[in-house]
Amino acid sequence: MSDDPRAQLLPAIHAARSGAASGGIPIGSALFIDGKLIATGHNRRVQDGSVIHHAEMNCLENAGRLPAADYARATLVTTLSPCDMCTGAVLLYGIPRVIIGENRTFLGGEELLRSRGVDVTVLDDPECTEMMTTFIASHSALWAEDIGQDATEGTM
Ligand SMILES: [Zn+2]
């Protein structure tokens with residue numbers, strides 16, 4: 001598997017589309033260790049009624065329990081800028097590198113990640129932005145719920 005960030009984004013996009021196809025929020029994630037794909041995941045708020053399985057959390061869960069030495073060599077890829085919860089998981093497990101598809105529709109904890117020494121790459125990928133723009137336009141209340149806002153507050 002390639003270490004190229006755009007190549008590493010592809011399985012996360014695939015996971016996002018898979019989540020959307022089952023009626024969910026189109027955000028996907030992938031975990032690589034030493035350039036090898038370990039797991040993917042997608043947001044499961046709709047599918048499981050889960051309040052914690054954002055794409056990144058679901059991906060980490062799917063990867064299973066790993067020793068700290070594995071996380072220390074990992075790259076977490078996500079189609080959307082990670083929220084405070086997912087940012088916290090990256091910091092907790094000491095994941096040194098995060099690749100983000102886009103941060104136009106939602107800006108998460110990138111500044112905190114960088115301040116803690118995490119290598120953050122934002123690809124500004126148009127496919128990721130389009131997935132979220134389309135989703136938010138038709139599911140604004142569901143999206144507000146996922147990022148901890150009242151629907152009446154609007155999205156961003
Ligand atoms: Zn999150």
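Where is Arg-45 found? Arg-45 sits in helix 2, residues 45–48. Helices here are DSSP runs of H or I with at least four residues, strands are runs of E with at least two, and both are numbered from the N terminus.

Two ground rules. Residues are numbered from 1 along each chain as its sequence is written. The model is predicted, so to speak of local features we need pLDDT of at least 70, side-chain atom pairs count only at pLDDT 80 or more, and totals for chains, interfaces and linings use all residues.

Back to Arg-45. Is Arg-45 buried, exposed or partly exposed? Arg-45 is partly exposed, because 19 other C-beta atoms lie within 10 Å. The cut-offs: buried means 20 or more other C-beta atoms within 10 Å of the residue's own, exposed means 12 or fewer, partly exposed is in between, and C-beta atoms are placed from the backbone. Leaving out residues up to four places away in sequence, Arg-45 touches Gly-24, Ile-25, Ser-50 and Asp-146. Contact means C-beta atoms, placed from the backbone, within 7 Å. Gly-23 is 22 residues from Arg-45 in sequence, and 9.9 Å away in space, C-alpha to C-alpha. Gly-23 comes just after helix 1 and has a positive phi of about 90 degrees.

Now the whole chain. The protein chain has eight helices and five strands. The order from the N terminus is α-β-β-α-α-α-β-α-β-α-β-α-α. The C-alpha trace spans about 45 × 30 × 30 Å along its principal axes. The radius of gyration is 14 Å, which agrees with the value near 15 Å for a compact globule of 156 residues. That radius is taken over C-alpha atoms, and the globule rule is 2.2 Å times the number of residues to the power 0.38. Of the 156 residues, 37% are buried. Take contacts between residues at least 6 apart in sequence: 52% join residues at least 24 apart.

Next, the sheet. Its five strands form an open sheet, order 2-1-3-4-5, with mixed pairing. Why does one side of strand 2 and of strand 5 lack a neighbour in the sheet? Strand 2 and strand 5 (119–122) stand at the edges, each with a single partner strand, so one side of each is left free of a neighbour in the sheet. Pairing here needs at least two DSSP bridges between two strands. Strand 4 and strand 5 run parallel, joined by four bridges. Val-98 has Val-120 in strand 5 as its bridge partner.

Helix 1 packs on this sheet, touching strands 1, 2, 3, 4 and 5, and its direction makes about 140 degrees with that of strand 1. Angles run from 0 to 180 degrees between N-to-C directions, with axes fitted to C-alpha atoms, for helices over the stretch in contact. Helix 1, residues 5–21, has 17 residues. Its end C-alphas are 25 Å apart, close to the expected 24 Å. That expectation is 1.5 Å times one less than the number of residues. Buried residues in helix 1 include Leu-9, Ala-12 and Ala-16. Among the elements covering its buried residues are helix 3 (55–63) and helix 7 (126–138).

Last, two aspartates. Asp-34 lies in the loop between strand 1 and strand 2. Asp-34 is not a glycine, yet its phi is positive, about 50 degrees. Asp-124 lies in the loop between strand 5 and helix 7. Asp-124 also takes a positive phi of about 50 degrees. Asp-124 counts as exposed, because it has 11 C-beta neighbours inside 10 Å.

How values were computed:
Contact = placed C-beta atoms within 7 Å.
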